[in-house]
Amino acid sequence: MPIKLRQLNHLLALERHGSFIHAASSLHITQPALSRSIQSLETQVGAPLFLREGHGVVPTDLGRVLIQHARQITHMTDAMYE
């Protein structure tokens with residue numbers, strides 16, 4: 001299953017906000033919907049993308065790599081519509 005642009009936006013929001021609740025709020029979706037999206041992405045890449053710690057999350061090494069790619073991809077797609 002291909003990775004969707006929506007999932008990359010979810011990944012970036014979670015990295016930016018550091019919590020599922022705040023990221024979901026910024027995306028105007030529910031926290032369970034965001035959790036499902038990230039879990040699906042983790043299943044697709046075959047490894048965890050975030051470590052759940054206390055009241056927030058931090059990216060794993062693989063998560064940081066995917067976040068860098070997601071930034072590049074979303075930047076390119078945004079540039080297409082300018």
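In this predicted model, helix 1 and helix 3 are roughly perpendicular to each other. Their axes, running through residues 5-17 and residues 31-45, come within 10 Å and cross at roughly 110°. That angle falls in the range of 65 to 115 degrees, which counts as roughly perpendicular.

On the side of helix 1, the contact is made by Q7, H10, L11 and L14. Helix 3 contributes L34, S37, I38, S40, L41 and Q44. Sorted by class, this contact of helix 1 with helix 3 holds five nonpolar and five polar residues, and no charged residues.

One of the helix 1 residues in this contact is H10. With a relative accessible area of 7%, H10 is buried, because buried means under 20%. The side chains of H10 and S37 are joined by a polar contact of 2.7 Å. Leaving aside residues up to four places away in sequence, H10 touches L27, I29, L34, S37 and I38.

A second histidine, H28, is found in the loop between helix 2 (20-27) and helix 3. H28 is not a glycine, yet has a positive phi of about 60°. H28 counts as exposed, its relative accessibility being 73%, since the cut-off for exposed is over 50%.

The two histidines are set out below.

| Residue | Place | Relative accessibility | Class |
|---|---|---|---|
| H10 | helix 1 | 7% | buried |
| H28 | loop between helix 2 and helix 3 | 73% | exposed |

Conventions. Residues are numbered from 1 along each chain as its sequence is written. This is a predicted model: local features need pLDDT of at least 70, side-chain atom pairs count only at pLDDT 80 or more; totals for chains, interfaces and linings use all residues. Side-chain values use heavy atoms; hydrogens and water are left out. Axes are lines fitted to C-alpha atoms, for helices over the stretch in contact, and angles run from 0 to 180 degrees between N-to-C directions. Helices (H or I, at least four residues) and strands (E, at least two) are DSSP runs, numbered from the N terminus. Angles under 35 degrees count as roughly parallel, over 145 as roughly antiparallel, 65 to 115 as roughly perpendicular and the rest as oblique. Contact means heavy atoms within 4.5 Å. Ala, Val, Leu, Ile, Met, Phe, Trp, Tyr, Cys and Pro count as nonpolar, Asp, Glu, Lys and Arg as charged, and the others, Gly among them, as polar. Buried means under 20% relative accessible area, exposed over 50%, partly exposed in between (1.4 Å probe, protein chains only). A polar contact is a pair of N or O atoms within 3.5 Å; within protein, one must be able to donate a hydrogen and the other to accept it, and residues adjacent in sequence count only if both atoms are side-chain atoms.
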